[in-house]
Amino acid sequence: MKIRVIISLLALLLVGSACEKELDFKGTSGEMDMSPLVINAVAIEGMPFVAYLTKSERINEVVQNYMDASVLRTASDEDYQNRNYLVRVAQMNAQIQVEVNGQQSYKMSPNLQQFCYECDYVPKEGDRIVLTAQQQGSADGLRAETMVPQKPKIEVLEYEVLDGNPYRYQNELTFEGDTIMRLTCRISGAQAGQYYRLRVRNERESLTIIGANGIWDRFIRNYGGQDVFFSSDALFADSRLTSNFGGWPSFFSNVFDSRLLANGAYTFTVDSPKMVYTTWNPPQIPGMTVSPDATYSDNMPLPSQVVVELQAISEDYYHYLKAMELYRIMVSDSNAEPIRLHSNAQNGWGILGAMSYDRHIVKYDD
């Protein structure tokens with residue numbers, strides 16, 4: 001008994017007498033201030049290549065809200081971005097080079113208005129892309145590599161508009177529409193080891209009315225749209241996504257691999273809630289009339305439509321998107337385990353992805 005007590009006391013003494021030593025960082029102040037670069041770029045077949053380069057931040061410095069970023073989309077590939085975030089972290093003093101198939105080289109130029117880098121290169125199927133970025137004053141440069149996948153093939157076999165919307169007010173999707181578009185689609189030509197993302201975007205015209213002094217004199221047409229769709233097909237099942245997010249139901253993902261496409265083809269059905277027509281105008285004023293000279297921003301009416309797009313994506317981009325799906329449902333849970341976002345950048349962070357796509361538009365009457 002005495003021996004056990006003595007051992008316990010010795011253990012406490014060792015723990016209590018533990019010391020720490022401060023180690024000096026041997027380097028210049030510039031090296032201490034230099035943080036690894038973060039690359040975010042997707043090489044899209046048929047579209048000019050654009051890349052975003054930002055500084056990395058400590059976890060307690062990141063203030064970007066994923067929910068805020070999710071409602072701001074680019075005009076090109078509809079992926080998420082946040083301008084306020086880019087203003088703060090964009091690194092516009094770097095030298096970025098893109099090498100294609102080991103033969104052609106392109107120097108990317110900064111676009112200071114859009115906080116990105118641009119060049120004349122337009123990706124093609126099968127292109128192997130190596131991107132290098134060197135920040136002024138940095139000894140090590142970032143490097144990332146990707147390959148543009150083969151163009152996928154999807155068909156819309158049939159579609160119908162159904163009265164009643166069983167998805168109203170579910171999973172934070174608060175559209176008030178009372179109809180849905182049901183589409184039966186077929187993927188063909190799939191091969192083992194391929195990765196995909198499906199977009200089903202329901203678009204509809206919205207109208208902004210502007211007036212003053214008792215007269216409506218300007219009408220602005222623009223598109224409203226939403227990307228959330230629903231399906232009970234096993235193709236979209238993901239058991240790791242235990243919570244809904246932004247309208248997407250739990251256990252559901254529109255990013256998938258080719259495991260269920262064993263014979264190269266697959267048929268499935270999806271439901272897309274129709275986008276609600278929205279009108280905004282100033283507070284109603286008694287006697288307000290429409291001017292006979294009223295102008296429209298677009299003289300051609302915008303059709304209501306559903307965009308069905310199958311994207312073939314690179315493997316690294318697939319793993320990045322899957323990690324982001326997990327991240328977005330866990331950022332609000334302080335007890336959740338940390339999520340490691342996939343990166344294919346050397347001497348830095350971020351993702352250089354690639355994709356090609358097959359897109360079809362289904363128009364419908366209001």
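Searching the whole structure turns up two cavities of 30 Å³ or more. The model is a predicted one. The largest cavity has a volume of about 40 Å³. Its lining includes Leu241, Ser243, Asn244, Phe245, Trp248, Pro249 and Phe252. Glu325, Arg328 and Ile329 line the largest cavity as well. Sorted by class, that lining has six nonpolar, two polar and two charged residues.

Three of these names lead into a helix. Glu325, Arg328 and Ile329 are among the buried residues of α5. Others buried there include Tyr317, Tyr318, Tyr320, Leu321 and Lys322. Ala323, Met324 and Leu326 are buried in α5 too. Does the helix geometry hold up? What span should the 16 residues of α5, residues 315–330, have at 1.5 Å a residue? The expected value is 22 Å, and the end C-alpha atoms are 23 Å apart, so the two agree. In an α-helix there are 3.6 residues a turn, so residues three or four places apart point the same way.

Now step back to the chain. It has five helices and 18 strands. Of its 366 residues, 43% count as buried. Take the contacts between residues at least 6 apart in sequence: 71% of them join residues at least 24 apart.

Next comes the nonpolar interior. The largest nonpolar core has 30 residues, and Leu183, Leu198, Phe236 and Phe268 touch the most other members. Which strands each supply at least two residues of this core? They are β9 (179–188), β10 (195–212), β13 (266–273), β16 (304–313) and β18 (348–364). The largest share, five residues, comes from β9. Another core, of 25 residues, lies apart from this one. Among its members are Leu53, Val98, Tyr121 and Ala354.

Phe236 deserves a look of its own. Leaving out residues up to four places away in sequence, Phe236 touches Leu198, Phe229, Ser231, Phe251 and Phe252, among others. Its contacts also include Ser253, Asn254, Phe256, Phe268 and Val270. Phe252 also lines the largest cavity.

Follow the contact to Val270. This residue lies in strand β13. Is Val270 buried or exposed? Its relative accessible area is 1%, which is under the 20% cut-off, so Val270 counts as buried. With residues up to four places away in sequence not counted, Val270 touches Met181, Arg182, Leu183, Leu198 and Val200, among others. Phe229, Phe230, Ser231 and Phe236 are also touched by Val270. Tyrosine 159 is 111 residues from valine 270 along the chain, yet their C-alpha atoms are separated by 9.6 Å.

The other contact to follow is Phe251. This residue is found in the loop between β11 (215–226) and β12 (255–257). Phe251 is not a glycine, but has a positive phi of about 60 degrees. Its relative accessible area is 44%, so Phe251 is partly exposed.

A second backbone of this kind is worth checking. Asn347 has phi near 60 degrees, a positive value in a residue other than glycine. Where is Asn347 found? It sits in the loop between β17 (345–346) and β18. Asn347 has a relative accessibility of 53%, so this residue counts as exposed. The strand that follows in that description, β18, is one of those supplying at least two residues of the largest nonpolar core.

Conventions: Residues numbered from 1 in each chain as written. Predicted model: local features only at pLDDT ≥ 70, side-chain atom pairs only at ≥ 80, totals over all residues. Heavy atoms only, no water. Helix = DSSP H or I, 4+ residues; strand = E, 2+ residues; numbered from the N terminus. Expected span 1.5 Å × (residues − 1). Buried < 20%, exposed > 50% of the residue type's maximum accessible area, 1.4 Å probe, protein only. 1 Å grid on protein atoms, 1.4 Å probe; cavity = no way out; pocket = protein on both sides within 12 Å on 5 of 7 lines; lining within 4 Å. Points joined across faces, edges and corners; volume = space filled by probe spheres on them. Nonpolar A, V, L, I, M, F, W, Y, C, P; charged D, E, K, R; others polar. Core = buried A, V, L, I, M, F, W, Y, C linked by side-chain atoms within 4.5 Å. Contact = heavy atoms within 4.5 Å.
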